[in-house]
Amino acid sequence: MAGYSFTRRRAILLLSLTSVILITMDLRGSSIVNFARSSFGVVFRPIESASRVLTRPIQNTWHGITHYNSVVDENRRLKDLVAYNEGATISAIASVREAQELLALNGLPTLAGISSCTAQVVGSSPSNYSQTVEINRGTECGIKVGMPVLNAAGMIGKVTDVYKKRSVVMLMTDPGYSLAVKVVNAPPTTTTTVVGEGTSDSSSTTSTSTTTTTIKVTTTTGIPGFTPGATIAPTVTTVSPTGVTSPPGSVGPNKPGQSTKSPITVPAGIDLPLKETGALEGRGLSKAPVVRFVENQVRFGDVKVGSPVISAGGATSLAPPDVVIGTISRVIKRTGTLGPLLEVELAADFDYLNFVRVLLYQPSTERPVQP
Amino acid sequence: MMNQLIFIIENRYTRLVLVGLMFLSLQTTLFNEMRPFGVCLQVMLLLAASSGLATGSQTGAIAGFIVGLLYDMVLATPLGLCAAVFAIVGYLAGFAHSFVHESTWWSRMLTASIVSAVGMILLPIGFTITGTENVLTLNVLTVALVVALFNAVFSWPVEFVCRWALREPSAAR
């Protein structure tokens, strides 16, 4: 009995020690651990592929039972979305092209100038506590650890492990994920009631007046046909029967004692979207990621639900600027100087990841120094 | 040389590794897709628990360690963490069941269920210790409950497989 107990204790001690050593080696980024994982992958992939083929009918049956209604609803919704997006896409393409042209003219980096590698998602993490997917491209495609991964909708995560022909991508919902982002808030607008002509001069003849609403176009660059959307400001021009046109942006001279209730919307300052940076953090599969450290600035105003969230970029950021991440779905206000906590609805649907694009982007701090 | 090779092939832990690879392929394909209540069922944890039930605490701990190590190879979590947790689960399964006077099918199911739940709670604790944040949430309880139920239902056939894989070479002949 004593010998048996000794053997058992020794076994438990050995197992514990081995676990601690392995965890320490992995956390310190040991190349032996990476090699072991890579080698295991080579052996295990064929078995997994065979298993995937054999179990596909069972998977399809399961999905047929559990997801039939949602797929039908999704299909209906997508048809509506396709119809809605067809028109929007054309104008969006034009806007993106113009924006890239403008950025290029100013010598600023654009996404179009970054090489990318298209890959397919071949598997996801079987764990309940980490959100990763595996893609079928690796170092042979130029992928390195830390590179951002996108799909058609927007950012989905970053590369955390790279092997020769496969890579592991940590999704943005993973609790370990963090990224500097910008929240683009709509500019605050104020509605002002301007006292204008309340009663016109009495006249026995019937006069005809025409009121036209025109869009004032401000061209700020020399790009032919380029009209930045942010500078569009609606103005009202009133043409009187006598042919006198009041100046754009005004509704007539103020006259004391005369009142009118013609509300016009006056943009506060320059009508440009305001941006504020913060840090996006994943919170697991069941919770939406949040943006922290957004300052409570008066100029920035209250963050509105639906405001877009894009990557901030910067010298140390692992993602280039202006990659779409999602929209604000909930604003949790906090007291003091903490600033609001913003829940983000991600643009990409992580349930249906298929083809993704790895941006072969490295921040300036990560690039090798030229001799 | 040949004798050594035969010894390795006949070794019960070699059989366990082969069975573990099959279970791992099911884990990463079938059970990764089938997620009742949004929970990924843990068939590898079931294998560790069933090893303990089939062969006792000591062999269960070693078998659990091997199974956990195989699982660690495909996860992005620190290598050795699942191995440690699954070793505890294998040990606990064998140890807890050693107190049962006359083992019945339902006592085995209950043991497999409880140790699976313990394992699913220990895992996020381990992740937190190794530096992962926001893992220890109330969602852990849901995960533990669903995994425990599933493992209780499938404990009998998996235990049968473990008993076959972990029998002594002499008994195999």
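Student: What makes the area between chain A and chain B count as buried?

Tutor: Buried area is the accessible area (1.4 Å probe) that two parts lose on being put together, summed over both. By that rule, chain A and chain B bury about 3900 Å² between them, and carbon and sulfur atoms account for 66% of it. On the side of chain A, the residues that lose the most area to chain B are A:Pro126, A:Asn128 and A:Tyr129, together 20% of what that side buries.

Student: What should be known about the model and its conventions?

Tutor: The model is predicted: local features need pLDDT of at least 70, side-chain atom pairs count only at pLDDT 80 or more, and totals for chains, interfaces and linings use all residues. Residues are numbered from 1 along each chain as its sequence is written, chains are lettered from A and ligands numbered from 1 in the order in which they are written, and side-chain values use heavy atoms, with hydrogens and water left out.

Student: How many residues of chain A are said to be in contact with chain B, and what does contact mean?

Tutor: Contact means heavy atoms within 4.5 Å. On that definition, 41 residues of chain A touch 52 residues of chain B.

Student: Why are S1 and S16 of chain A called paired strands?

Tutor: Strands (E, at least two residues) and helices (H or I, at least four) are DSSP runs, numbered from the N terminus. Two strands pair if DSSP finds at least two bridges between them. S1 (residues 116–124) and S16 (residues 355–359) are joined by five bridges and run antiparallel, so the requirement is met. One of the bridge partners is A:Leu359, which belongs to A:Ser116.

Student: What makes S3 a partner of S16 as well?

Tutor: Strand S3 (residues 148–150) has two bridges to S16, so this pair also satisfies the rule. There, A:Val149 is matched with A:Val358.

Student: In which order do the six strands close into a barrel?

Tutor: The order is S1-S2-S5-S4-S3-S16 in chain A, with antiparallel pairing. From one strand to the next, the twist averages 45°; such angles run from 0 to 180 degrees between N-to-C directions, along axes fitted to C-alpha atoms, for helices over the stretch in contact. Within this order, S4 (residues 155–162) and S5 (residues 167–171) share five bridges, and A:Gly157 stands opposite A:Leu171.

Student: Why is the pair A:Glu134 and A:Arg45 called a salt bridge?

Tutor: A salt bridge is a side-chain nitrogen of Lys or Arg within 4 Å of a carboxyl oxygen of Asp or Glu. The N to O value here is 3.6 Å, so the pair qualifies. A:Glu134 lies in strand S2 (residues 132–135) and A:Arg45 in helix H2 (residues 31–105), so the pair ties together parts 89 residues apart in sequence. A:Arg45 and A:Glu134 also belong to a network of salt bridges with A:Glu48 and A:Arg166.

Student: Are A:Asp322 and A:Lys182 buried, partly exposed or exposed?

Tutor: Buried means under 20% relative accessible area, exposed over 50%, and partly exposed in between (1.4 Å probe, protein chains only). A:Lys182 has 14% and is therefore buried, whereas A:Asp322 has 36% and is partly exposed. Their side chains meet in a salt bridge (3.3 Å, N to O).

Student: How many salt bridges join chain A and chain B?

Tutor: The count between them is zero, while over all chains it comes to twelve.
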